[in-house]
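Q: I've got a new model up on screen. Can you walk me through how the helices pack?

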Amino acid sequence: MTGVPAAAGGPARANGAAAASAQATGAAGVAAHGQSAAGPRGAAVAASVPDGSGGGSGAPDASGASGGVAGDVASGGGAPEGAKPARGGKIAAAAVNQASVWNIANLLTMLRLVLVPAFVALMLADGGYDPAWRSLAWAAFAIAMITDLFDGHLARAYNLVTDFGKIADPIADKAIMGAALICLSALGDLPWWVTAVILGRELGVTLLRFLVIRYGVIPASRGGKLKTLTQGVAVGMYVLALTGWLATLRFWVMAAAVVLTVVTGLDYVRQAIVLRRQGIAERKAALEETEG
């Protein structure tokens, strides 16, 4: 009689040892897979699993436990029941998905906004005709125009586009150009009609974009970019106290800028008309298809 319990106890102890061994193997596999798939955080999740069963199957399965948990960890899925989520996970994800307002592109835009009153003060200092002050005003204007070339590119290339940048960037562009033109006309260096044509075109195109935005976006053309560059060079030359052949040269550069301003403005009007017609036609076709 004593031999039967002993024999029964033997397999029981053997099964218990096997289960313990499988459970230890499963935990080791989970830790190994978690460490390789997700680093220390994966190991922490694996270590938090209470047993090697990975569910309510009764018999522990080392391969099933390690594969299931490691798959969850590697794929970024939910942690097993009982595992605590990593602290700051949601905050880190939000930081990745949303660029900070204080990024390099927006900082350049802010610098351009700050340079506007500084430029006006330098431009009008000592009556507005001192070559030294005009040279400093030109430096401020040049920095503003150079940052205009880079902030938009940086925002798009490094995914730094923000709502602030979308609003502040065009305001900064028009503010520095408008300030320079008005100062030059007020000092008698540039005819008022030139200032009116350039500023009127800029404000008109901006308004036109808003009017047709329901049908689509008017992209910036190469002519528009060339216009901006020519305007910047021409206004910069007028800010400097140039004489002789350089003064004659700046007149022709400004004339080219005015021509490009008018031509590209008319082209934007054409694009707006075409875009509106296409949008109306597409809506009409979609409505007829729905009704039919």
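Q: α8 and α9: roughly parallel or antiparallel to each other?
A: This is a predicted model, to be clear. The two helices pack at an angle of about 150°, with their axes 8 Å apart. Over 145 degrees counts as roughly antiparallel, so α8 and α9 are roughly antiparallel to each other.

Q: Which way does α8 pass α9?
A: The crossing is left-handed.

Q: Which residues in α8 meet α9?
A: Among them are Leu 226, Val 233, Val 235 and Met 237 in α8. On the α9 side, the contact includes Leu 249, Phe 251, Met 254 and Leu 260. The contact residues divide into 15 nonpolar, 6 polar and 2 charged.

Q: Switching to α4 and α6. What angle do they pack at?
A: About 15°, with their axes 9 Å apart. That makes α4 roughly parallel to α6. Their crossing is left-handed. Residues of this contact divide into 18 nonpolar, 3 polar and 3 charged.

Q: Now the core. How many residues are in the largest nonpolar one?
A: It has 31 residues. Phe 119, Met 123, Phe 141, Val 235 and Met 254 have the most contacts inside it. Elements giving two or more residues include α4 (104–124), α8 (222–239) and α9 (245–291).

Q: Which helix gives the most to this core?
A: α6, with 7 residues.

Q: And what does Phe 119 touch?
A: Leaving out residues up to four places away in sequence, Phe 119 touches Ala 137, Ala 140, Phe 141, Ile 176, Ala 179, Ala 180 and Val 239.

Terms used
Residues numbered from 1 in each chain as written. Predicted model: local features only at pLDDT ≥ 70, side-chain atom pairs only at ≥ 80, totals over all residues. Heavy atoms only, no water. Core = buried A, V, L, I, M, F, W, Y, C linked by side-chain atoms within 4.5 Å. Buried < 20%, exposed > 50% of the residue type's maximum accessible area, 1.4 Å probe, protein only. Helix = DSSP H or I, 4+ residues; strand = E, 2+ residues; numbered from the N terminus. Contact = heavy atoms within 4.5 Å. Axes fitted to C-alpha atoms, helices over the stretch in contact; angles between N-to-C directions. Parallel < 35°, antiparallel > 145°, perpendicular 65-115°, else oblique. Left-handed = near helix turned anticlockwise from the far one by under 90°. Nonpolar A, V, L, I, M, F, W, Y, C, P; charged D, E, K, R; others polar.
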